[in-house]
Amino acid sequence: LRYTVGADPLAMPEPDVLVAAGLDDPTGLAIGADGAIYVSDRGDSQQVKVFAADGALLRSIGKPGRSGLGPY
């Protein structure tokens, strides 16, 4: 979700939904200097998903698949 803060920072506006699909169990979030959104996606994915500032999926980092026993 993205919130646009207006003149009154205490008033919570309705958020824009940027990423509504494509995530299994998102747990971490970072924003790049270029506005890219990096999401750590656990669950069945175990990847970092990179989204454009408008929410479009740009790429996934890592191979999808649940973690398991043994060497990584």
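Helices (H or I, at least four residues) and strands (E, at least two) are DSSP runs, numbered from the N terminus. This is a predicted model: local features need pLDDT of at least 70, side-chain atom pairs count only at pLDDT 80 or more, and totals for chains, interfaces and linings use all residues. Residues are numbered from 1 along each chain as its sequence is written, and side-chain values use heavy atoms, with hydrogens and water left out.

**Exercise 1. Place Leu 1 in the chain, then classify its exposure.**

Step 1. Leu 1 sits in the segment before β1.
Step 2. Apply the cut-offs: buried is under 20% relative accessible area, exposed is over 50%, and partly exposed is in between (1.4 Å probe, protein chains only).
Step 3. Leu 1 has 64% relative accessibility, so Leu 1 is exposed.
Step 4. Check a partner. Leu 1 and Val 17 are 16 residues apart in sequence, with 4.7 Å between their C-alpha atoms.

**Exercise 2. Find which residues make the nonpolar surface patch of about 460 Å².**

Step 1. Fix the rule. Patches are made of residues with over 30% relative accessible area and no salt bridge; like charges are joined within 9 Å, nonpolar side chains (Val, Leu, Ile, Met, Phe, Trp, Tyr) within 5 Å. Areas come from the Shrake-Rupley method with a 1.4 Å probe; for residues, only the protein chains shown count as cover.
Step 2. Name the members: Leu 1, Tyr 3, Met 12 and Val 17.
Step 3. Examine Met 12. It lies in the segment before β1 (26–31). Met 12 is exposed because its relative accessibility is 62%.

**Exercise 3. Describe the lining of the largest pocket by residue and by class.**

Step 1. Define the object. On a 1 Å grid over the protein atoms alone, a pocket is an open set of points with protein on both sides within 12 Å along at least five of seven lines; a 1.4 Å probe fits at the points of a cavity but cannot get out; lining residues have an atom within 4 Å of a point.
Step 2. Give the volume: about 210 Å³. Grid points are joined across faces, edges and corners, and the volume is the space filled by probe spheres set on the points.
Step 3. List the lining: Leu 1, Val 17, Leu 18, Val 19, Leu 23, Leu 29, Ile 37 and Val 39.
Step 4. Sort it. Ala, Val, Leu, Ile, Met, Phe, Trp, Tyr, Cys and Pro count as nonpolar, Asp, Glu, Lys and Arg as charged, and the others, Gly among them, as polar. The lining of the largest pocket has eight nonpolar residues, no polar and no charged.

**Exercise 4. Identify the two salt bridges and compare the settings of their residues.**

Step 1. Recall the principle. Side chains of opposite charge can pair when their charged atoms come close.
Step 2. Set the criterion: a side-chain nitrogen of Lys or Arg within 4 Å of a carboxyl oxygen of Asp or Glu.
Step 3. Take Asp 41 with Lys 49. Their closest N and O atoms are 3.0 Å apart, and both residues are buried.
Step 4. Take Arg 66 with Asp 44. The N to O distance is 2.9 Å. This pair links distant parts of the chain, 22 residues apart: Arg 66 is in the segment after β4 (57–61), Asp 44 in the loop between β2 and β3.
Step 5. Classify the second pair. Arg 66 is exposed because its relative accessible area is 59%. Asp 44, at 46%, is partly exposed.

**Exercise 5. Locate Gln 46 and state its phi.**

Step 1. Gln 46 lies in the loop between β2 (37–41) and β3 (47–51).
Step 2. Its phi is near 55°, a positive value in a residue other than glycine.
Step 3. Gln 46 has 35% relative accessibility, so Gln 46 is partly exposed.
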